[in-house]
Amino acid sequence: MEWATNLISEIYKYLSHRDDTAIDRLNRLYTVTLLSAFVTLISSQQYIVGGRIICWTPQEFTKAHNTYSDDICWLGHRNYYVPENVTILDSPSTPRTYPFLIYPWLPIILIAMTVSFILPYLLVWHGLSARFGIDIKRLIQLDDPIASSRSIHFVLSQNYSIKNHRRCYVISIYLLMKFSYIIILFGQLILINRLLTGEYFIIDIQQIFNILSVKYNMWSSAHIPIETMCDFMVRMLGQNNNWYTVQCILPFNLFTKRIFALLAIWFIILFILNIIDFVYIWLWKRLWLSSHRYDYVFNFFDLYEIYLDNKKDDHRLRLATTNSRILRQEFVYKYLNIDGYLLLKLLHENSSDIKMSYLVANLFKQFSQEKNQQYQIIQRHDSSTDV
């Protein structure tokens with residue numbers, strides 16, 4: 001098991017990288033940690049509560065018979081729920097209407113849910129960005145504002161950005177990752193609601209909270225119940241086949257159902273936060289409202305000019321015939337555009353305002369110098385033409 005422990009530690013080490021926002025880390029780090037803890041708890045419940053299933057068997061059953069009945073009833077193939085008001089059972093050879101019983105698969109379902117929250121970060125965000133030579137993690141780890149500004153300039157001058165004048169490749173894969181989390185949360189909410197209530201799209205919040213209550217009667221629930229009936233046949237030599245109906249309890253489900261109820265509440269909260277973050281924060285506020293991007297970038301630059309710059313006479317590079325406001329707008333909307341803004345946001349999530357001020361100032365200086373050189377070349381060309 002040492003290899004498994006090393007693999008898990010490496011995965012968590014990779015997931016601990018801070019190259020995204022707080023909402024993203026709620027999805028791919030904290031939710032994964034929570035699900036992993038629940039997987040461990042469910043997998044070890046048989047040691048905590050004294051057994052995954054306990055069946056009441058006839059007196060003539062030997063120890064081997066008891067083990068067999070526990071195992072076959074645990075698998076759920078002949079397991080079914082009978083309401084408390086039903087006092088007469090049909091013959092065990094009569095086909096039953098079985099509920100949605102997947103007790104042995106619940107840990108596997110939790111593991112699949114855990115993996116699903118890792119994949120968008122690994123495959124979409126890191127996979128697609130690395131394919132085009134963008135190392136987001138390394139960019140975040142740079143402490144030198146000059147090195148960071150050069151790296152951002154390199155990203156913005158890649159071939160895909162030159163061909164796509166709007167420079168929206170990085171933001172596209174980032175928003176795709178966010179949208180993937182919304183789809184995953186929606187699907188898992190449907191699955192958990194099906195397990196807890198038997199419904200797909202009708203989520204009863206009150207019932208989910210009732211499941212967490214100590215007064216909740218789990219014995220009368222047909223979904224992940226505590227008490228079930230089980231039919232099985234013991235084949236003997238010849239035609240002597242005996243049917244048995246035994247009553248079983250599932251201490252395993254006492255904790256499992258409440259774990260899934262907690263997950264349902266957490267996923268509802270997380271789903272709402274992701275919708276707000278995706279639609280309002282990113283699509284509307286940060287992408288549609290271009291003025292927000294302008295104010296965000298030049299708040300850092302103004303902070304640098306007022307408090308941090310010691311060479312006030314040298315840093316203000318201006319084009320001879322270009323107004324400062326026009327130059328600033330060109331810097332934000334044409335040079336940085338959406339991809340550059342996203343990189344600054346990610347850096348800001350993992351850095352301080354002072355470092356961001358130096359970074360924005362370096363980027364603006366570099367941009368101003370390039371524009372000044374272009375302007376001088378145009379002036380020389382015009383002068384030679386006039387001559």
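**Exercise 1. Describe the disulfides of this model and place them in the fold.**

*Solution.* A disulfide joins C55 to C248, with an S to S distance of 2.0 Å; the term denotes a pair of cysteine sulfur atoms within 2.5 Å. The structure is a predicted model, in which local features need pLDDT of at least 70 and side-chain atom pairs count only at pLDDT 80 or more, while totals for chains, interfaces and linings use all residues. Residues are numbered from 1 along each chain as its sequence is written, and side-chain values use heavy atoms, with hydrogens and water left out.

Step 1: handedness. The link of C55 and C248 is right-handed, with 100° about the S-S bond.

Step 2: location. C55 belongs to strand β1 (residues 54-56) and C248 to strand β4 (residues 241-249), so the bond ties together parts that are 193 residues apart in sequence. Strands are DSSP runs of E of at least two residues, and helices are runs of H or I of at least four, numbered from the N terminus. Both C55 and C248 are buried, where buried means under 20% relative accessible area, exposed over 50%, and partly exposed in between (1.4 Å probe, protein chains only).

Step 3: the other pair. A disulfide also joins C73 to C230, with S to S 2.1 Å. This link of C73 and C230 is left-handed, at -95° about the S-S bond. It connects helix α4 (residues 63-74), which holds C73, with strand β3 (residues 227-235), which holds C230, 157 residues apart. C73 and C230 are both buried.

Step 4: the count. The whole structure contains two disulfides, and with the bonded cysteines numbered in sequence order the pairing is 1-4, 2-3.

**Exercise 2. Determine which residues the salt bridges join into one network.**

*Solution.* A salt bridge requires a side-chain nitrogen of Lys or Arg within 4 Å of a carboxyl oxygen of Asp or Glu. By this rule there are two salt bridges.

Step 1. The side chains of D24 and K178 form a salt bridge at 2.9 Å, N to O. D24 lies in helix α2 (residues 22-43) and K178 in helix α10, so the pair ties together parts 154 residues apart in sequence.

Step 2. K178 also forms a salt bridge with D277, the closest N and O atoms being 2.4 Å apart. This pair links helix α12 (residues 251-288), where D277 lies, to helix α10, where K178 lies, 99 residues apart.

Step 3. D277 is buried at 9% relative accessibility, and K178 is buried at 2%. Through shared partners, the salt bridges join D24, K178 and D277 into one network.

**Exercise 3. Locate the largest nonpolar core relative to the domains.**

*Solution.* A nonpolar core is a set of buried Ala, Val, Leu, Ile, Met, Phe, Trp, Tyr and Cys residues joined through side-chain atoms within 4.5 Å.

Step 1. The largest such core has 91 residues, of which W125, F260, L263, F331 and L344 touch the most other members. Helix α10 gives the most to this core, with 15 residues.

Step 2. Domain 1 (1-132 + 167-282) and domain 2 (133-165 + 314-378) both give residues to the core, so it lies between them. The domain bounds come from an automatic or database domain assignment.

Step 3. Leaving aside neighbours within four places in sequence, W125 is in contact (heavy atoms within 4.5 Å) with residues including I136, V170, Y174 and L342.
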